[in-house]
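Here's a quick briefing on how two chains sit together, and on a few helix pairs worth a look. Have the structure open while you read.

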Amino acid sequence: MLDTAPAVRRRPGRSAPSGRARPRRTRRGPRYGPYLLIAPTVVVIAVLMFWPMVQIAVMSFQKIGNRQLRGEPAENVGTANFETILGDPLFWQSLRQTVLFAAVAVTATLVLGTLVGLLLNRLGRRMSRFVAGGVMVAWATPPVTAAIIFSWLFGTTGGLVNWLLDLLPDALVGGGWSDYNWFAAPLPTYTVLTVCVVWQSCPFVAVSVLAGLKSLPGELYEAARVDGAGPWRAFWQITFPLLKPIFMVLVVMSVIWDFKVFTQLFIMAGMANRDAFNLSLYAYSEAFGSLNPKLGMGSAIALVLTAILLVVTAVYVRVMVRQGETA
Amino acid sequence: MSARTKGVRKALLNGAGLLVFAVAVFPVLWMVSTAFKPNTEIFSTTPRPLPAHPTLQHFDLVVNGGIAEVPFWVYLRNSALLALGTVLVSSLLALLAATAVARFRFRFRTTFLIMLLVVQMVPIEALVIPLFLDLKRLDMLNSLAGLLVVYIAFAVPFAIWMLRGFVAAVPRELEDAAAIDGAGPVRTFVAVLLPLVAPGLVATSIFSFITAWNEFIFAFTFLDDQDRYTLPIMLQFFFGRSGNAWGPIMAASTLLTVPVIAFFLLVQRRMVAGLTAGAVKG
């Protein structure tokens, strides 16, 4: 762990390393030193992240199309964009698919990731390192590549999954898999997407859980074993309560990542496949997807997405502050 | 517990470990394997795990043109330039800010830290619309510079978060000693702090590198001309245009993926330490 030097880390009342060579009793350094150091970052984040957030909010009440892109001023339309969205069945379908996908993917990621983390903790040192290295490969794969690989695995001609399903007895999985198209309807598309996303996000959960497990005192488990508790009880009575902060953070981060998944779905389904939209793809397609771009509409959808995630973020920030992460 | 049940249990655990390893690695291996297979094997009705007659024809097609109008090395150069630029600038900004956060107590320090947390949760997919308009107004669409600025903003918050632990772990006394020996603040920073946080800098750099190297939506939205495309955009473009040419597609995917995986494995343990630092307080 890196946080091994809390005593060194925060000593209130001491001044900066950027003071003069003399013992630094003056307040010169601290007064503007740290502000100078964070200034570039604050500027970058303010201009490229906070200001655009404000712009999304403003633009969601405007009409911004081809004429505005050519330089005409944006036209205020009040709440028209939101009325259009809320009346659009595609919005509700996208929202439903976003939420369902996040629910399934987050659950699967956490359960599988935790199991892998527990396994890594039980393995011998070299084996554990070997398996962790393999798991990292899934994590490191770029999303574009991951989506393309899974499109290939689930492909119609030469796809490995269809070939395997065809080999299995028909009584079990049914027949005619060899030219089954996984990307023709939303449900199979989302099945492939879930497999792909879970494969990529499990490693982060596994490795975080492993790091947490390593910090737990072994005596607790000894005591539990002496008391006759099995692994199931030991997990729920010792591991889970102690690692609850980690699990909280992992749940929140997974929800956020899976809620706004874009690249993989974009590659697998594309913008023509409107039935398979989630909120990110719906917003993007409204804004850029046609020859008649509607950036105001796109912003309104993005604002809804952001508002939902803001609630989740608030929980996250609260957990982190409670844990003293911002101290 | 007898020695025998212990042995069985160990074998079971190791078996499960190997299974996890196989599942994690298999898709990537399948990609590499397909990239080396001749077309007859790729579309064979009985797929085999490894190419029987390995060939470089797909890599040849990808690297020596034929998949797009622009030579492959142009995409590689664009991606590399963006990734290196992101690493250099975001590391510098992060080092300054991490020093401020780890070494000073100042007003708005907590506010700043909370801002970093919030910013990491912002759905950047949503920001693509306003940033598109902003860059269009500045005439910076379709340019690597415009994209670079955006990537820096995405990489910096996490880099600071990760780096602050490394800076905090450097004993304050070393800096004090340097100061007593007459070193000025800049010298102390360069000669004492920098070498000691270098491992942390490497780890955060890899992360920034991957952020830029893998990024898709912004590059896809902002870049118009093929000679500005980055590797992921080239790959998506190629995939969209010739969806069934799996050999060359997998060869291109391999070229995009292998550098990232290599970097990742290189620093994995440090990175994990950085990611999870402080998640559980001892």
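At what angle do helix H7 of chain A and helix H11 of chain B pack, and how far apart are their axes? The angle is about 25 degrees and the axes are 10 Å apart, with H7 covering residues 143-153 of chain A and H11 residues 231-241 of chain B. Keep in mind that this is a predicted model, where local features need pLDDT of at least 70, side-chain atom pairs count only at pLDDT 80 or more, and totals for chains, interfaces and linings use all residues. Residues are numbered from 1 along each chain as its sequence is written, chains are lettered from A and ligands numbered from 1 in the order written, and side-chain values use heavy atoms, with hydrogens and water left out.

**H7(A) against H11(B)**
- H7(A) and H11(B) are therefore roughly parallel (angles under 35 degrees count as that, over 145 as roughly antiparallel, 65 to 115 as roughly perpendicular, the rest as oblique).
- Axes here are lines fitted to C-alpha atoms, for helices over the stretch in contact, and angles run from 0 to 180 degrees between N-to-C directions.
- Helices are DSSP runs (H or I, at least four residues), numbered from the N terminus.
- The crossing of H7(A) and H11(B) is left-handed, that is, the near helix is turned anticlockwise from the far one by less than a right angle (clockwise would be right-handed).
- Val144(A), Thr145(A), Ile148(A) and Ser151(A) touch Pro232(B), Leu235(B) and Phe239(B), contact meaning heavy atoms within 4.5 Å.
- By class, that contact has five nonpolar, two polar and no charged residues (Ala, Val, Leu, Ile, Met, Phe, Trp, Tyr, Cys and Pro are nonpolar, Asp, Glu, Lys and Arg charged, the others, Gly among them, polar).

**H6(A) against H1(B)**
- H6(A) (residues 125-140) and H1(B) (residues 3-35) pack at about 25 degrees, with axes 8 Å apart.
- That angle makes H6(A) roughly parallel to H1(B).
- The crossing of H6(A) and H1(B) is left-handed.
- Residues making the contact include Phe130(A) and Gly134(A) on H6(A), and Phe21(B) and Val25(B) on H1(B).
- The contact residues of this pair split into 12 nonpolar, three polar and no charged.

**The whole interface**
- In all, 113 residues of chain B contact 107 residues of chain A.
- The two chains bury about 10,000 Å² between them, 75% of it on carbon and sulfur atoms (buried area is the accessible area, 1.4 Å probe, that two parts lose on being put together, summed over both).
- On the chain B side, Phe104(B), Met121(B) and Ile129(B) lose the most area to chain A, together 7% of what that side buries.
- Between the chains there is one salt bridge (a side-chain nitrogen of Lys or Arg within 4 Å of a carboxyl oxygen of Asp or Glu).
- Lys260(A) forms a salt bridge with Glu125(B), with the closest N and O atoms 3.7 Å apart.

Technical notes
Helices (H or I, at least four residues) and strands (E, at least two) are DSSP runs, numbered from the N terminus.
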